[in-house]
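Reader: I would like to go through this model term by term, setting each value against the cut-off behind the word. Could we begin once the structure is on the page?

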Amino acid sequence: STEPPTEEALAILKSYGYALNRTLVNEDEPMHMARRRALMAPFTPEHLPLYALLAVFIAAMGYLSLQVFGGMRRLLRRLPGPAWVRPAWGGLLLGLFVTPLIVLAADLVGTEGQGLGLVGGGYGAAQTAITGASWLPVGWTGVLFLFLLALAKLVASALTIGSGGSAGDFAPSLAIGGLMGGAFGRAAQLLIDPSIDPGAFALVGMARSMAASRTCRCRRWCS
């Protein structure tokens, strides 16, 4: 059941215009209002060229994804055993690939595997790219961390999908796009403008990556 909105939540919503915020946020979540205010900040046209460059960056990543997915599928078809054993091979290889990475990340940044998104849909990784995390390194180390995490998620997804496992490309495309966009936004923040919100670039990266996965002929190209 949904709790009725508190007086504090109603006051905040009323100050912004109830009808507008009713479509953007849940009225019973005043704890998220600070983040929503930041997202409703004035648009900065000067950043448009950066978003265009991000689109090219994500397009290149999409092309790489097609090559990795197709190559992984062809490689896994050569493994011994009937076709119904292939997902088991994929699961085994996925475990061998991600377990050392999770252990290494726990030693380096103390995540204990949470928020990396290497297994499952990867929504935790996308959330980390948007809002950040206490364990996420700052500066160029954080940029490199998100970029490498995106590449690792790409390989992990290719192992699952390429082996015929029960998975799709929607959630991985969001995670990979978000991580790449987050890395791009943090790099732009360091190089160009400290006022840039990397989370905005992560959101655009998610949308661009998802759009690419919906419109390209992945099945034909990866076969």
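Reader: Why are α6 and α8 called roughly parallel or antiparallel, whichever of the two applies?

Author: A word on the source comes before the answer. This is a predicted model, in which local features need pLDDT of at least 70 and side-chain atom pairs count only at pLDDT 80 or more, while totals for chains, interfaces and linings use all residues. Residues are numbered from 1 along each chain as its sequence is written, and side-chain values use heavy atoms, with hydrogens and water left out. As for the pair, α6 and α8 pack at an angle of about 20 degrees, with their axes 8 Å apart; the axes are lines fitted to C-alpha atoms, for helices over the stretch in contact, and the angles run from 0 to 180 degrees between N-to-C directions. Angles under 35 degrees count as roughly parallel, over 145 as roughly antiparallel, 65 to 115 as roughly perpendicular and the rest as oblique, and α6 and α8 are therefore roughly parallel to each other.

Reader: What makes the crossing of α6 and α8 left-handed or right-handed, and which residues meet there?

Author: α6 passes α8 in a left-handed crossing, a term for the case in which the near helix is turned anticlockwise from the far one by less than a right angle, with right-handed used if clockwise. On the α6 side, Y123, A125, A126, T128 and A129 meet F170, A171, L174, A175, G178, L179, G182 and R186 in α8, where contact means heavy atoms within 4.5 Å. By class, this contact of α6 with α8 has nine nonpolar, three polar and one charged residues; Ala, Val, Leu, Ile, Met, Phe, Trp, Tyr, Cys and Pro count as nonpolar, Asp, Glu, Lys and Arg as charged, and the others, Gly among them, as polar.

Reader: How do you know how α7 runs relative to α8?

Author: Helix α7 (residues 139-162) and helix α8 (residues 170-191) pack at an angle of about 160 degrees, with their axes 9 Å apart. That angle makes α7 roughly antiparallel to α8. Here too the crossing, α7 past α8, is left-handed. The contact includes W140, F147 and K153 of α7 and P172, L179 and R186 of α8, and by class it has 16 nonpolar, three polar and two charged residues.

Reader: Why is K153 called buried or exposed, and what does K153 contact?

Author: K153, which is found in helix α7, counts as buried because its relative accessibility is 3%, and buried means under 20% relative accessible area, exposed over 50%, partly exposed in between (1.4 Å probe, protein chains only). Leaving aside neighbours within four places in sequence, K153 is in contact with G117, L118, V119, G120, G121, G122, P172, A175 and I176.

Reader: What makes S209 buried or exposed, and how are L64 and A211 classed?

Author: S209, in helix α9, counts as buried at 13% relative accessibility, and touches I58, S173 and G177, not counting residues up to four places away in sequence. L64 in helix α4 is partly exposed, with a relative accessible area of 37%; on the same sequence criterion, L64 touches L151 and L154, and the C-alpha atoms of L64 and L154 are 9.3 Å apart in space, although 90 residues apart in sequence. A211 in helix α9 is also partly exposed, with a relative accessible area of 33%.

Reader: What is called the largest nonpolar core, and which of its residues touch the most other members?

Author: A nonpolar core is a set of buried Ala, Val, Leu, Ile, Met, Phe, Trp, Tyr and Cys residues joined through side-chain atoms within 4.5 Å. The largest has 43 residues, of which L116, F145, L179 and F201 touch the most other members. Helices α4, α5, α6, α7, α8 and α9 each supply at least two residues, and α7 gives the most, with eleven residues.

Reader: How many helices and strands does the chain have?

Author: The chain comes to ten helices and zero strands, helices (H or I, at least four residues) and strands (E, at least two) being DSSP runs numbered from the N terminus. Of its 223 residues, 37% count as buried.
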